[in-house]
Amino acid sequence: MLDSSKNYAWIKNCPLCGQGRLMVAKEDGTENFYITCEECGSVWNSPDNPNTNNIIGNELTGNTIGQLTYLTREELGDHVWKGFLQD
């Protein structure tokens, strides 16, 4: 569950489920960044154009990514994905 007091970094609504936001997340223990839907758990490795053709995993199909932690805008800092964020 998301902490409502945090200003999370998110890109847009999920193109697959249409219900969740695509959140910027970091794989725990690594420097790997991903985009993941807060509702359906779909994961992409780039915010450029998330769609069904470039999905790398979801809760139903599984994936090889470790535990992900949603990032706040502050935690994302000046990462190149900052330009994709929604207000």
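**Exercise 1. Contacts of isoleucine 11**

Leaving aside its neighbours within four places in sequence, which residues is isoleucine 11 in contact with?

Solution. Start with the ground rules. This is a predicted model, in which local features need pLDDT of at least 70 and side-chain atom pairs count only at pLDDT 80 or more, while totals for chains, interfaces and linings use all residues. Residues are numbered from 1 along each chain as its sequence is written, and side-chain values use heavy atoms, with hydrogens and water left out.

Step 1. Apply the contact rule: heavy atoms within 4.5 Å.
Step 2. Skip the neighbours within four places in sequence.
Step 3. Read off the partners of isoleucine 11: Leu22, Val24, Ile35, Pro47, Phe84, Leu85 and Gln86.

**Exercise 2. The largest nonpolar core**

Find the residues that touch the most other members of the largest nonpolar core, and name the strand that gives the most to this core.

Solution.
Step 1. Set the terms. A nonpolar core is a set of buried Ala, Val, Leu, Ile, Met, Phe, Trp, Tyr and Cys residues joined through side-chain atoms within 4.5 Å. Buried means under 20% relative accessible area, exposed means over 50%, and partly exposed lies in between (1.4 Å probe, protein chains only).
Step 2. The largest nonpolar core has 13 residues, and those touching the most other members are Ile11, Leu22, Val24, Phe33, Ile35, Leu76 and Leu85.
Step 3. Strands β2 and β3 each supply at least two residues of this core. The most come from β3, which gives three.
Helices (H or I, at least four residues) and strands (E, at least two) are DSSP runs, numbered from the N terminus.

**Exercise 3. Strand β3 and its faces**

Is strand β3 enclosed or open, and which residues lie on each side?

Solution.
Step 1. Strand β3 spans residues 33-37.
Step 2. Five of its five residues are buried, so β3 is largely enclosed by the rest of the structure.
Step 3. Recall the general pattern: side chains in a regular strand alternate between the two faces of the sheet.
Step 4. Sort the residues of β3. One side holds Phe33, Ile35 and Cys37, and the other holds Tyr34 and Thr36. Both faces are covered.

**Exercise 4. Partners of β3**

Work out how β3 pairs with β2 and with β4.

Solution.
Step 1. Two strands pair if DSSP finds at least two bridges between them.
Step 2. Strand β2 (residues 21-27) and β3 are antiparallel, with five bridges. Here leucine 22 stands opposite cysteine 37.
Step 3. The hairpin of β2 and β3 has five residues between the strands, and glycine 29 in the turn has a positive phi of about 80°.
Step 4. Strand β4 (residues 43-44) also runs antiparallel to β3, joined by two bridges. Isoleucine 35 has tryptophan 44 as its bridge partner in β4.
Step 5. The hairpin of β3 and β4 has five residues between the strands, and glycine 41 takes a positive phi near 80°.

**Exercise 5. Two loop residues**

Is serine 42 buried or exposed? Then place asparagine 32.

Solution.
Step 1. Serine 42 is in the loop between β3 and β4.
Step 2. Its relative accessible area is 2%, so serine 42 is buried.
Step 3. Beyond four places in sequence, serine 42 is in contact with Leu16, Ile35, Thr36, Cys37, Ile55, Gly57 and Asn58.
Step 4. Asparagine 32 lies in the loop between β2 and β3. With 36% relative accessibility, asparagine 32 counts as partly exposed.
Step 5. Not counting residues up to four places away, asparagine 32 touches Ala25, Lys26 and Glu27.

**Exercise 6. Salt bridges**

How many salt bridges does the count come to?

Solution.
Step 1. The rule asks for a side-chain nitrogen of Lys or Arg within 4 Å of a carboxyl oxygen of Asp or Glu.
Step 2. The count comes to three.
Step 3. Arginine 21 forms a salt bridge with glutamate 38, with the closest N and O atoms 2.8 Å apart. Arginine 21 lies in β2 and glutamate 38 in the loop between β3 and β4, so this pair ties together parts 17 residues apart in sequence.
Step 4. Lysine 26 and glutamate 31 meet at 3.4 Å, N to O. Lysine 26 is partly exposed at 23%, whereas glutamate 31 is exposed at 63%.
Step 5. Lysine 82 pairs with aspartate 78, the closest N and O atoms being 3.5 Å apart. Lysine 82 is partly exposed at 44%, and aspartate 78 is exposed at 71%.
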